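Notebook open. I want to look up holes first, then the overall make-up, then how the helices pack.

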Amino acid sequence: MDWYPLYNSLRIALISSVIVFFAGICSAYYIAGLHPFLKGFLDVVLTLPLVLPPTVVGYFLLVLLGPRRPFGAWFLETFDTKLVMTWYSGIFAAAVVAFPLMYRTARGAFESFDENLADAGRTLGLGNAYIFWRIRMPACRQGILAGAVLAFARALGEYGATSMIAGYTPGRTATISTTVYQLWRTDNEALAFRWVTVNVAISAVVLLAVNLLERRERARSGRARSRS
């Protein structure tokens with residue numbers, strides 16, 4: 001059994017999760033303070049990949065990154081590197097489809113934050129950076145971590161956009177999802193079932209992690225209410 005699809009899926013999911021973790025937190029934090037109209041517009045734009053069919057997301061990525069498109073052609077001529085049909089092409093697809101989960105979860109965590117804590121910090125002369133990293137982030141950490149775990153799970157299971165922008169080449173671009181489809185298409189159901197089992201096992205662990213984070217958050221909230 002060739003374990004490359006597992007290795008490739010994990011590295012794509014991990015790299016894209018790191019990207020969407022910081023991008024989602026930054027976007028959620030700054031958009032939360034915008035005018036309601038602009039905030040609503042950006043919410044729609046940033047959340048759109050969550051509801052679009054993955055193949056449509058893949059099509060947009062091909063339009064943007066394809067070697068015959070302006071940006072893709074410029075990147076190829078400048079760096080002699082293609083942005084499609086490579087293993088790292090899957091990072092673009094995974095990051096785009098996983099970003100809305102991180103963004104929405106982080107935004108919900110920031111919106112539930114008690115701003116009185118930040119105001120109290122400012123009255124003590126604390127800077128915005130200190131308040132963000134030492135007060136706001138610790139208070140919102142459970143929701144943010146849950147969003148990061150969900151984004152990782154979504155990136156790991158991505159198929160539609162990945163198949164369009166990265167394709168399927170054994171030992172080069174294959175992921176668990178694309179491998180399952182190719183094995184099923186070639187009537188190799190026994191091996192396809194093995195990969196399905198691997199994917200289900202990883203997904204179950206991810207969901208257990210999310211449930212654990214939620215349970216800890218409820219317990220922490222309960223202790224805070226009892227002290228008050």
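Cavities first. I find 1 cavity of 30 Å³ or more in this predicted model. Its volume comes out at about 50 Å³.

Who lines the largest cavity? I get Ser 9, Ile 12, Gly 90, Ala 155, Leu 156, Glu 158, Thr 162 and Thr 175. I also checked which elements give two or more residues to that lining, and they are α1 and α7. Sorted by class, the lining of the largest cavity has 3 nonpolar, 4 polar and 1 charged residues.

Next, the overall make-up. I count 10 helices and 0 strands. Read along the sequence, the pattern is just α-α-α-α-α-α-α-α-α-α. For extent, I took the C-alpha trace along its principal axes and got about 65 × 40 × 30 Å.

Now the pair that turned up at the cavity, α1 and α7. Helix α1 covers residues 4-31 and helix α7 covers residues 128-156. Their axes come within 9 Å, and they cross at roughly 140 degrees. How do I class that angle? Antiparallel would need over 145 degrees, so α1 and α7 go down as oblique to each other. I note the crossing of α1 and α7 as right-handed.

I wrote out the contact residues of this pair too. From α1 come Ser 9, Leu 10, Ala 13, Leu 14, Ser 16, Ser 17, Val 20, Phe 21, Ile 25 and Tyr 29. They meet Phe 132, Arg 136, Met 137, Ile 144, Ala 148, Ala 151, Phe 152, Ala 155 and Leu 156 in α7. By class, the contact of α1 with α7 has 15 nonpolar, 3 polar and 1 charged residues. Cross-check with the cavity: Ser 9, Ala 155 and Leu 156 are among the residues in this contact, and they are also among those lining the largest cavity.

On to what else touches α7. I looked at helix α6, residues 115-123. The axes of α6 and α7 come within 10 Å and cross at roughly 135 degrees. That makes α6 oblique to α7 as well. The crossing of α6 and α7 is right-handed.

Which residues make the contact between α6 and α7? On the α6 side I have Glu 115, Leu 117, Ala 118, Gly 121 and Arg 122, and on the α7 side Asn 128, Ile 131, Ile 135 and Arg 136. The class count for α6 with α7 is 4 nonpolar, 2 polar and 3 charged. Arg 136 in α7 catches my eye, as it meets α6 and is also in the contact with α1.

Last pair, α3 and α5. Helix α3 is residues 54-65 and helix α5 is residues 89-111. I get a packing angle of about 130 degrees, with the axes 11 Å apart. So α3 and α5 are oblique to each other too. α3 passes α5 in a right-handed crossing.

Here Val 57, Leu 61 and Leu 65 in α3 meet Phe 92, Ala 93, Val 96 and Val 97 in α5. What classes make up the contact of α3 with α5? I count 7 nonpolar residues, no polar and no charged ones.

How values were computed:
Residues numbered from 1 in each chain as written. Predicted model: local features only at pLDDT ≥ 70, side-chain atom pairs only at ≥ 80, totals over all residues. Heavy atoms only, no water. Axes fitted to C-alpha atoms, helices over the stretch in contact; angles between N-to-C directions. Helix = DSSP H or I, 4+ residues; strand = E, 2+ residues; numbered from the N terminus. Parallel < 35°, antiparallel > 145°, perpendicular 65-115°, else oblique. Left-handed = near helix turned anticlockwise from the far one by under 90°. Contact = heavy atoms within 4.5 Å. Nonpolar A, V, L, I, M, F, W, Y, C, P; charged D, E, K, R; others polar. 1 Å grid on protein atoms, 1.4 Å probe; cavity = no way out; pocket = protein on both sides within 12 Å on 5 of 7 lines; lining within 4 Å. Points joined across faces, edges and corners; volume = space filled by probe spheres on them.
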